[in-house]
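Let's walk through this one with a few quick questions and answers. Have the sequence and the 3D view open as we go.

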Amino acid sequence: MIDGGEFDEVEQLQDKLFHEHVGRGGDPTVAGAAMLLAGLQILADPFRLSVSRAERDLILTHYPDATDETIAAHRLDRKGLMFVLEFVVTAGRKYLDHQPETSNVLVATQSRDNLDRLVPTIARGVSNSFASAAPLDASAYDIAAAIITNTVARAMTEHVAPEQLMTILLENVQRVIAEAPDDRA
């Protein structure tokens with residue numbers, strides 16, 4: 001972690017709480033996860049986004065057990081989403097990039113000519129999937145979720161390592177969201 005000042009103090013407090021919990025027989029995995037989630041909650045707090053009635057109803061279609069409190073606690077504006085996503089991607093890089101399965105990069109494993117043809121071919125397939133599924137009363141979210149889920153499942157049947165898939169998903173989702181215009185602004 002970053003050295004100095006408040007960071008050292010926070011790290012020492014975390015370490016103390018963690019070891020006290022484990023010393024009392026607590027599960028270290030649960031304690032670590034709770035600390036991470038609490039940290040993300042604190043980081044996200046300044047970026048809370050209000051929810052309209054229509055947005056609340058849409059959220060409930062995907063998460064029927066959500067309450068007003070959980071919706072309010074989990075809804076972030078674009079800046080907050082990018083802030084939290086940076087931490088998630090950094091953690092992914094730290095714990096996934098050192099896996100042997102993540103050492104191959106798409107660009108390094110394809111010839112330039114094949115790569116130049118591959119990307120538009122895949123993009124056409126995705127566009128066709130959206131166009132074909134839209135008349136089936138599927139939202140853009142539903143279609144994207146189905147494409148992502150099916151692509152990951154297919155890649156795993158083709159023996160792509162889960163570590164590679166997570167690295168691709170985390171980094172590319174972060175990149176696309178960062179470069180997309182914020183249509184809520």
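Q: Is F83 buried, partly exposed or exposed?
A: This is a predicted model, and the relative accessibility of F83 comes out at 32%. Buried would need under 20% and exposed over 50%. F83 falls in between, so the label is partly exposed.

Q: What kind of aromatic pair do F83 and F87 form?
A: Their ring centres sit 5.4 Å apart, with 75 degrees between the planes. Planes over 60 degrees apart count as edge-to-face. So the F83 and F87 pair is edge-to-face.

Q: Which helix holds both F83 and F87?
A: The two residues are four apart, which is about one turn of the helix. Both lie in helix 5.

Q: Which residues make up the aromatic cluster?
A: Searching the whole structure turns up two aromatic pairs. One of them is F47 with F83, a tilted pair at 5.4 Å centre to centre and 45 degrees between the planes. That pair links distant parts of the chain, with F47 in the loop between helix 2 and helix 3 and F83 in helix 5, 36 residues away. Add F87, which pairs with F83, and the cluster is F47, F83 and F87.

Q: Is F47 buried or exposed?
A: The relative accessible area of F47 is 13%. The cut-off for buried is under 20%, so F47 is buried.

Q: Which helix gives the largest share of the largest nonpolar core?
A: The core has five residues: M82, L85, V89, L96 and L170. Four residues of this core come from one helix, spanning residues 78–96. That is helix 5.

Q: Which residues does M82 touch, leaving out those up to four places away in sequence?
A: M82 is one of the five core residues. With its sequence neighbours up to four places away set aside, M82 touches Q174, I177 and A178.

Q: How far apart are the closest N and O atoms of E158 and R154?
A: Side chains of opposite charge can pair when their charged atoms come close. E158 is partly exposed at 48% relative accessibility, while R154 is exposed at 54%. They form a salt bridge, with the closest N and O atoms apart by 3.1 Å.

Q: Which residues are linked in a network of salt bridges?
A: The structure holds eight salt bridges. One of them joins the side chains of R56 and D57, at 3.9 Å from N to O. The network that includes them is R53, R56, D57 and D68.

Terms used:
Residues are numbered from 1 along each chain as its sequence is written. This is a predicted model: local features need pLDDT of at least 70, side-chain atom pairs count only at pLDDT 80 or more; totals for chains, interfaces and linings use all residues. Side-chain values use heavy atoms; hydrogens and water are left out. A nonpolar core is a set of buried Ala, Val, Leu, Ile, Met, Phe, Trp, Tyr and Cys residues joined through side-chain atoms within 4.5 Å. Buried means under 20% relative accessible area, exposed over 50%, partly exposed in between (1.4 Å probe, protein chains only). Contact means heavy atoms within 4.5 Å. A salt bridge is a side-chain nitrogen of Lys or Arg within 4 Å of a carboxyl oxygen of Asp or Glu. Rings of Phe, Tyr and Trp (its six-membered ring) pair if their centres lie within 6.5 Å; planes under 30 degrees apart count as stacked, over 60 as edge-to-face and the rest as tilted.
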